[in-house]
Amino acid sequence: MQKIAVLLSGSGRTLDNFHEGIQAGTMKAEIQVVVSNVGDALGLEKAQKYGYPAVHAADNSAINTILAEYDIDLVILAGYLKLY
């Protein structure tokens with residue numbers, strides 16, 4: 001089981017797909033945290049609705065600080081619109 005962090009910038013449609021796959025058992029992963037560079041991104045609201053920690057981070061340094069708090073195997077850029 002892969003422990004993942006999801007980075008997004010917008011609506012969180014890919015997060016929806018990951019969540020649905022995990023719930024259906026077709027994706028063997030656990031979402032540990034969802035991070036967005038956009039403070040009011042719909043994807044953060046969805047993450048909270050699904051029960052995942054959802055955090056805004058303005059830059060890569062802030063993202064790295066957040067990710068260091070979690071046991072992460074993979075960082076997935078799911079519609080993340082900045083260079084990481």
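**Gly43 and a pair of helices**

Okay, let's start with one residue: Gly43 has 0% relative accessibility, so it counts as buried (under 20% relative accessible area; exposed is over 50%, partly exposed in between, with a 1.4 Å probe and protein chains only). Before I go on, this is a predicted model, where local features need pLDDT of at least 70 and side-chain atom pairs count only at pLDDT 80 or more, while totals for chains, interfaces and linings use all residues. Residues are numbered from 1 along each chain as its sequence is written, and side-chain values use heavy atoms, leaving out hydrogens and water.

So where does Gly43 sit? In helix α2, helices here being DSSP runs of H or I with at least four residues, numbered from the N terminus. Leaving aside residues up to four places away in sequence, Gly43 touches Leu8, Gly10, Ser11, Gly12 and Leu15, where contact means heavy atoms within 4.5 Å. Take Leu8: 35 residues away in sequence, yet 6.9 Å from Gly43, C-alpha to C-alpha.

Now the helices. The axes of α1 (residues 13-24) and α2 (residues 42-50) come within 9 Å and cross at roughly 20°; axes are lines fitted to C-alpha atoms over the stretch in contact, with angles from 0 to 180 degrees between N-to-C directions. That makes α1 roughly parallel to α2 (angles under 35 degrees). Who makes the contact? On α1, Arg13, Leu15, Asp16 and His19; on α2, our Gly43 plus Lys46, Ala47 and Tyr50.

Last bit: UniProt, in an unreviewed entry, puts "domain: Formyl transferase N-terminal" at residues 3-83, and such annotations may be inferred rather than shown by experiment.

Key:
Helix = DSSP H or I, 4+ residues; strand = E, 2+ residues; numbered from the N terminus. Parallel < 35°, antiparallel > 145°, perpendicular 65-115°, else oblique.
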